[in-house]
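The following exercises ask the reader to work through a protein model from its overall layout to its individual residues. Each task is followed by a solution in steps.

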Amino acid sequence: MAFQPNILSVELSEKNESAGLYHFLVRFNGVTCRVFYEKNPTLKAKSITRLLAEPCPICKADYYCNCMQRFLEPIEQQINERGLITPEMLAAK
Ligand SMILES: [Zn+2]
């Protein structure tokens, strides 16, 4: 069964404004990932890693794997379409 990323929530986790780096926690059904964004000059998703607390929804590994990277583009698209990253979020902290 193919993984269908459906984002439940997006939360700003860390940021380094001067370097233009933003790190978000993105929660899906059964899995949470860190998504790293770079602002240069617009915000763009660069990479994604799964939190190891839950097994990978694709390969079922409970250790490090690279599966989620294949979904970075549709995930970024979904974040954009649903407006899940707001200027207020970026300004917070
Ligand atoms: Zn995997």
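Helices and strands here are DSSP runs, of at least four residues (H or I) for a helix and at least two (E) for a strand, numbered from the N terminus. The model under study is predicted.

**Exercise 1. Overall layout**

Task: State how many helices and strands the protein chain has, and the pattern they follow along the sequence.

Solution.
Step 1. Counting the elements gives two helices and four strands.
Step 2. Placed in sequence order, these elements read β-β-β-β-α-α.
Step 3. The C-alpha atoms occupy a box of roughly 40 × 25 × 20 Å along the principal axes.
Step 4. A compact globule of 93 residues would have a radius of gyration near 12 Å; the protein chain has 13 Å, and therefore agrees with that expectation.
Step 5. Burial is assessed next: 15% of the 93 residues count as buried.

**Exercise 2. The sheet**

Task: Determine the order of the strands in the sheet and identify which strands lie at its edges.

Solution.
Step 1. Begin with strand 1 (residues 7-16), which runs antiparallel to strand 2 and is joined to it by eight bridges. One pair of bridge partners is Ile7 and Phe28 of strand 2.
Step 2. Strand 2 is in turn antiparallel to strand 3 (residues 31-39), again with eight bridges. Across this pairing, Tyr22 is opposite Tyr37, and Phe28 is opposite Val31.
Step 3. Seven bridges connect strand 3 with strand 4 in an antiparallel arrangement, where Phe36 faces Ser47.
Step 4. Together, the four strands make an open, antiparallel sheet in the order 1-2-3-4. Strand 1 and strand 4 (43-50) are the edge strands, as each pairs on one side only. From one strand to the next, the twist averages 25°.

**Exercise 3. The turns**

Task: For each hairpin, find how many residues separate the two strands.

Solution.
Step 1. Between strand 1 and strand 2 there are four residues, and Gly20 in this turn has a positive phi of about 70°.
Step 2. Two residues separate strand 2 from strand 3; here Gly30 carries a positive phi of about 90°.
Step 3. The hairpin of strand 3 and strand 4 has three residues between its strands. Pro41 belongs to this loop, and the peptide bond leading from Asn40 to Pro41 is cis, with omega near -5°.
Step 4. For context, most peptide bonds are trans, and most residues other than glycine have a negative phi.

**Exercise 4. Two faces of a strand, and the core**

Task: Decide which side chains of strand 2 (residues 21-28) are buried, and relate this strand to the largest nonpolar core.

Solution.
Step 1. The cut-off for a buried residue is 20 or more other C-beta atoms within 10 Å of its own.
Step 2. Side chains alternate along strand 2: Tyr22, Phe24, Val26 and Phe28 point to one face and are buried, whereas Leu21, His23, Leu25 and Arg27 point to the other and are not.
Step 3. The largest nonpolar core holds 13 residues, and those with the most contacts inside it are Phe24, Val26, Cys33, Val35, Tyr37 and Ile48. Strand 2, strand 3 and strand 4 are the elements that give two or more residues to this core; strand 2 gives the most, with four.
Step 4. Take Val26 as an example: leaving aside residues up to four places away in sequence, Val26 touches Ile7, Val10, Thr32, Cys33, Val35 and Ile75.

**Exercise 5. Outside the sheet**

Task: Establish whether Lys60 and Ala92 are buried or exposed, and how far helix 1 lies in the open.

Solution.
Step 1. An exposed residue has 12 or fewer other C-beta atoms within 10 Å.
Step 2. Lys60 sits in the loop between strand 4 and helix 1. Lys60 has 9 C-beta neighbours inside 10 Å and therefore counts as exposed. Although not a glycine, Lys60 has a positive phi of about 70°.
Step 3. In helix 1 (residues 72-81), one of the ten residues is buried, so the helix lies largely in the open. Gly83, with a positive phi near 60°, follows this helix.
Step 4. Ala92 falls in the segment after helix 2 (87-91). Because Ala92 has 10 C-beta neighbours inside 10 Å, it counts as exposed. Its C-alpha atom is 30 Å from that of Asn66, which is 26 residues away along the chain.

Technical notes. Residues numbered from 1 in each chain as written. Predicted model: local features only at pLDDT ≥ 70, side-chain atom pairs only at ≥ 80, totals over all residues. Rg over C-alpha atoms; globule rule 2.2 N^0.38 Å. Pairing = 2+ DSSP bridges. Axes fitted to C-alpha atoms, helices over the stretch in contact; angles between N-to-C directions. Core = buried A, V, L, I, M, F, W, Y, C linked by C-beta atoms within 7 Å. Contact = placed C-beta atoms within 7 Å.
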